[in-house]
Amino acid sequence: MPPTLRAVERVFCHFWEVPETTSRLIDNPIDDPSAAAPGAADLAGLDELVTRCTACPRLVEWREEVARVKRAAFRDQEYWGRPVPGFGPPDAAIAIVGLAPAAHGGNRTGRIFTGDRSGDVLFQALYDVGLASQPEAWHIDDGLTLHSTRITAPVHCAPPANKPTPAERDTCRPWLVRELDLLRPTLRAVVVLGAFGWQALLPVLADAAWQVPKPRPKFGHDAHAELPATDGGAPLHLLGSYHVSQQNTFTGRLTPAMLRAVLERAKGLAELR
Ligand code: SF4
């Protein structure tokens, strides 16, 4: 939500004595990413701030409800139930941008793509091309590290039916803007998983250090666009891939070989060996 609308909402909430978003899991909440994100001095600081965000009432309610009710297979586990930050080193040359955490994946484990079928496909491919230390990710303390790669999302909370609203996407945008700002010195390629991430990312890139061509590049598997820098630095290579959702991987729309090929291309464009 834009800051002006948020301010109006606060006034009316106060007037009608409607309670603001409350979280049973977060003691020191942040309800305005546009005010908080620019103050993050580094990625570790940004990740900490993201995990305290309560700006989207519907998503706060959903992520905590899922964490309370749980899936039967995980009923003995403590769910994370908070926003899930990006994962990977601060000097990454490649960013992988998905959609949002899965209700029983990242929302359970606290690490993006960790503990779900989509992550199984993604981390196996990252390992195969030398960008991950191991082919599996099942727990936040499983020892997995990424090489020159950071995984993030335009929406940091698990949404109902995997569908964030446009307002939720826009409210979350300042976190991604700041993340890309902090990655700017080393970032050379972005692999976007799916059309939603593509649409969400283009305005962020335009707000950051790169020019987005007009008409905007269209999403497709293996789509590629080179975006010139506006800050005198290196250009950014934008690459598309079908999302690693089960809908795509079970039907063969996205095969492991197709995903590896996109990641290998990103490595080459980012000049990683
Ligand atoms: S989706 Fe983003 S802005 Fe909304 S509550 Fe989660 S972290 Fe905050």
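This passage describes the confidence, the annotated domain, the ligand surroundings and the nonpolar core of a predicted model.

Across the chain the predicted model averages a pLDDT of 93, and 92% of the residues score at least 70. An exception is found over residues 1–19, where pLDDT stays under 50 and for which the model has eight contacts beyond four places in sequence. Where pLDDT is low, the predicted coordinates should not be read in detail.

An unreviewed UniProt entry carries the annotation "domain: Uracil-DNA glycosylase-like", which covers residues 85–263. In the model, this span of residues 85–263 is 33% helix and 13% strand, and its end C-alpha atoms lie 22 Å apart.

The ligand is surrounded by 15 residues, of which Cys-53, Cys-56, Pro-83, Cys-157 and Cys-172 come nearest. Two elements, helix H4 (57–69) and helix H7 (166–183), give two or more residues to this shell, and the largest share, three residues, comes from H7. In terms of residue class, the shell around the ligand is made up of eleven nonpolar, three polar and one charged residues.

In soluble globular proteins, nonpolar side chains tend to be buried together. The largest nonpolar core of the model holds 77 residues, and those that touch the most other members are Ile-94, Ala-189, Val-190, Val-191, Val-192 and Ala-266. When residues up to four places away in sequence are left out of the count, Ala-189 touches Ala-93, Ile-94, Leu-236, His-237, Leu-239, Ala-266, Leu-269 and Ala-270.

Technical notes. Residues numbered from 1 in each chain as written. Predicted model: local features only at pLDDT ≥ 70, side-chain atom pairs only at ≥ 80, totals over all residues. Core = buried A, V, L, I, M, F, W, Y, C linked by C-beta atoms within 7 Å. Buried ≥ 20, exposed ≤ 12 C-beta atoms within 10 Å, placed from the backbone. Contact = placed C-beta atoms within 7 Å. Near = placed C-beta within 6 Å. Helix = DSSP H or I, 4+ residues; strand = E, 2+ residues; numbered from the N terminus. Nonpolar A, V, L, I, M, F, W, Y, C, P; charged D, E, K, R; others polar. pLDDT = per-residue confidence, 0-100. UniProt positions renumbered as here; feature names shortened; annotations may be inferred.
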